[in-house]
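Visitor: Could you show me around this one? I'm new here.

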Amino acid sequence: MKLINITSELELYDALEEMPQDVFDLMQKAFDARDNAYAPYSQFNVGAAILLENGEVVIGSNQENASYPSGLCAERTAFFYAGAKYPGVRMKKVAISAKSLKHAVAAPVSPCGACRQVMAEYEVNQEENIELYFMGETGKVLKAKSVKDLLPLIFDRNIL
Ligand code: THU
């Protein structure tokens, strides 16, 4: 038997104002996207904005459904939209922000497991890291340099 240690290094910033201008701007787009969430059930609005290598920004928000599992998270909405509209165009950075209509969200909200798996596949395919920045409505911002830092041991399509 051999022990395997898996470690990730994330960067925690005290405030959005500390981020470089392009990340600050991208997060503003995630804020805007958040306002388009359709989340009458959870009242938890999430927005995601992806900066592509061609300079385009693709946004997404969570879209819920009365049949709960039929809804989709903001991240997957944005990634699938980017994949559908700009196939093969690399994704450079993703900004994610969440806001609850019921309570203040001042801590970074990290993407769910299913979204991590979806984001990981785009990263594997493009053979280049995707930077992730996520936060609540206010407060600290977490940066991951790669989806791999959020989801080690991904199920990689290359095994199929
Ligand atoms: N949600 C996201 O949009 N992204 C995540 O990574 C976590 C959760 C959404 C799904 C649902 O509409 C609401 O937040 C509450 O779970």
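Guide: UniProt positions follow the numbering used here, feature names are shortened, and annotations may be inferred rather than shown by experiment. Residues count from 1 along each chain as written. This is a predicted model, where local features need pLDDT of at least 70, side-chain atom pairs need 80 or more, and totals for chains, interfaces and linings use all residues.

Visitor: Which residues does UniProt give to the domain?
Guide: The feature comes from an unreviewed entry. Its name there is "CMP/dCMP-type deaminase", and it covers residues 21–158.

Visitor: How are helix 2 and helix 3 oriented to each other?
Guide: Helices are DSSP runs (H or I, at least four residues), numbered from the N terminus. Helix 2 is residues 74–85 and helix 3 is residues 113–126; their axes come within 9 Å and cross at roughly 25°. Axes are lines fitted to C-alpha atoms over the stretch in contact, with angles from 0 to 180 degrees between N-to-C directions. Angles under 35 degrees count as roughly parallel, so helix 2 and helix 3 are roughly parallel.

Technical notes
Heavy atoms only, no water. Helix = DSSP H or I, 4+ residues; strand = E, 2+ residues; numbered from the N terminus. Parallel < 35°, antiparallel > 145°, perpendicular 65-115°, else oblique.
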